[in-house]
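Reader: I have a structure in front of me and some labels to challenge. Take me through the reasoning behind them, please.

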Amino acid sequence: MDKVYLITGGSSGIGLAVAEKFIKNGDKVISVTRSEKKIVRAYGEKPHLEGVVDFFTGDISKQEDVDKVVDYLKENYGVLHGLVNSAGVLSTGTLESLTVEQWHQMLDINLTGPFLLTKALLPFLKRAGGASIVNISSIAGLRPGTSIGYSVSKAGLDMLTRFLAGDLGPYNIRVNSINPGLVRTNLHFDNDIIDDEKVYEEMIEAAKVRHPLKRIGEPQDIANAVDFLMSDAASWISGVIMPVDGAVTQENSFLPPKDS
Ligand SMILES: NC(=O)c1ccc[n+]([C@@H]2O[C@H](COP(=O)([O-])OP(=O)(O)OC[C@H]3O[C@@H](n4cnc5c(N)ncnc54)[C@H](OP(=O)(O)O)[C@@H]3O)[C@@H](O)[C@H]2O)c1
């Protein structure tokens, strides 16, 4: 039987690249996202995925939607070989400017969502006889960055990874985090952080200089790392918090950037 994977946020950016990678590998992909509009946009960008990725509409931060995912899996597959928690939202702001609603939304979707899904899907993952969970965190989980609520949600997600690696290891379920640096996706546009292509390109150009590898990430860079962590080649890797970031977290900020 093909392997069955559930990817949250598979209609855009990193989740979409992971979905495409797994489909190319010949696996079955189910994805949970909220809006039909983004699914239609994804099909516009990647028509070969239309009708191939099994999209389920729901909000991962809502228990009732998670319960529906469980029913759907029970009826259609009965087993899950891997879960990729990629769905996430971003609001920027400081302690003074970030609203309480924005704080709750980031914690609910970026942290509680992966907790609810992992808890609900555990029986299916156990049944696979060896399964893998990859949480898409951020370098903002490793040190303060982007915004206070976002950073705290991703730091919490990394601790969820480490905790679950210990808890679920005896079931032969591995749990790892990937912590991307800046990756070219719809994240900043869809969350109303930036609405101007020119401003976005300026942000990217400024970011490139700070990356020792002199480029920002593409969704494919993250999908390749997820693919590795899902594979048997990673069968003794669990509880790892893995930056995939062009070495930006290793930048020596006490020196002027080279080649700028
Ligand atoms: N892009 C970067 O620079 C970057 C860097 C570090 C980490 N990350 C992380 O990478 C992950 C993917 O981000 P991305 O850049 O690919 O962003 P993106 O292009 O905006 O994609 C986000 C996806 O998550 C879905 N989503 C959001 N809230 C959801 C919810 N409550 N329930 C179900 N699906 C939901 C969105 O669809 P709907 O809105 O339709 O639900 C969309 O499919 C996120 O966790 C993000 O924090 C991104």
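**Labels and their grounds**

Author: Asparagine 172 makes a good start: its relative accessible area is 45%, between the 20% and 50% cut-offs, so it is called partly exposed. Keep in mind that this is a predicted model.

Reader: Where is asparagine 172 placed?

Author: Asparagine 172 sits in the loop between H5 and E6. Its phi is positive, about 60 degrees, although it is not a glycine.

Reader: What makes aspartate 192 exposed?

Author: Its relative accessible area is 69%. Exposed means over 50%, so aspartate 192 is exposed. It lies in the loop between H6 and H7. Aspartate 192 also has a positive phi, about 55 degrees, and is not a glycine.

Reader: Why is asparagine 85 called buried?

Author: Its relative accessible area is 2%. The limit for buried is under 20%, so the label holds. Asparagine 85 belongs to strand E4 (residues 82-85).

Reader: Which residues does asparagine 85 touch, not counting residues up to four places away in sequence?

Author: Thr8, Pro114, Leu117, Thr118, Ile133, Val134, Asn135 and Ile136.

Reader: How do you know that aspartate 190 and lysine 38 form a salt bridge?

Author: Their closest N and O atoms are 3.7 Å apart. The cut-off is 4 Å, so the pair qualifies.

Reader: What does the pair tie together?

Author: Aspartate 190 is in helix H6 (residues 187-190), and lysine 38 is in helix H2 (residues 36-45). The bridge therefore ties together parts that are 152 residues apart in sequence. Aspartate 190 has 30% relative accessibility and counts as partly exposed. Lysine 38, at 26%, also counts as partly exposed.

Reader: What makes glutamate 201 and arginine 184 a salt bridge?

Author: The N to O distance is 2.9 Å. That is within 4 Å, so the term applies.

Reader: Where do glutamate 201 and arginine 184 lie in the chain?

Author: Glutamate 201 is in helix H7 (residues 197-210). Arginine 184 is in the loop between E6 and H6. The two are 17 residues apart, and the pair links distant parts of the chain. Glutamate 201 is partly exposed at 29% relative accessible area. Arginine 184 is partly exposed at 32%.

Reader: Why are lysine 208 and glutamate 205 separated by about one helical turn?

Author: Because they are three residues apart in helix H7. They too form a salt bridge, with the closest N and O atoms 2.9 Å apart. Lysine 208 has 26% relative accessibility, which makes it partly exposed. Glutamate 205 is partly exposed as well, at 43%.

Reader: Which residues are joined into one network by salt bridges that share partners?

Author: Lys38, Arg41 and Asp190. A search of the whole structure finds nine salt bridges.

Reader: How do you know that the length of helix H1 agrees with its residue count?

Author: H1 covers residues 13-24, twelve residues. At 1.5 Å a residue, the expected span is 16 Å. The end C-alpha atoms are 17 Å apart, which agrees.

Reader: Why is H1 called mostly covered?

Author: Ten of its twelve residues are buried, so each of those ten has under 20% relative accessible area. Among them are Gly13, Leu16, Glu20 and Phe22. Just after H1, glycine 26 takes a positive phi of about 90 degrees.

Reader: Which residues have the most contacts inside the largest nonpolar core?

Author: Leu6, Leu80 and Leu121, in a core of 38 residues. Elements that give two or more residues to this core include strand E1 (4-8), helix H4 (100-127) and helix H5 (148-168). H4 gives the largest share, nine residues.

Reader: What does leucine 6 contact, leaving aside its neighbours within four places in sequence?

Author: Its contacts include Ile30, Val69, Leu80, Leu117 and Leu121.

Reader: Which residues make the nonpolar surface patch of about 280 Å²?

Author: Leu95, Ile148 and Val152. Isoleucine 148 is in helix H5. Its relative accessibility is 35%, so it counts as partly exposed. Patch residues need over 30%, so isoleucine 148 passes that test.

Notes:
Residues numbered from 1 in each chain as written. Predicted model: local features only at pLDDT ≥ 70, side-chain atom pairs only at ≥ 80, totals over all residues. Heavy atoms only, no water. Core = buried A, V, L, I, M, F, W, Y, C linked by side-chain atoms within 4.5 Å. Buried < 20%, exposed > 50% of the residue type's maximum accessible area, 1.4 Å probe, protein only. Helix = DSSP H or I, 4+ residues; strand = E, 2+ residues; numbered from the N terminus. Contact = heavy atoms within 4.5 Å. Salt bridge = Lys/Arg side-chain N within 4 Å of Asp/Glu carboxyl O. Expected span 1.5 Å × (residues − 1). Patch = residues over 30% accessible without salt bridge, like charges linked within 9 Å, V, L, I, M, F, W, Y side chains within 5 Å. Areas by Shrake-Rupley, 256 points an atom, 1.4 Å probe, with all protein chains shown as cover.
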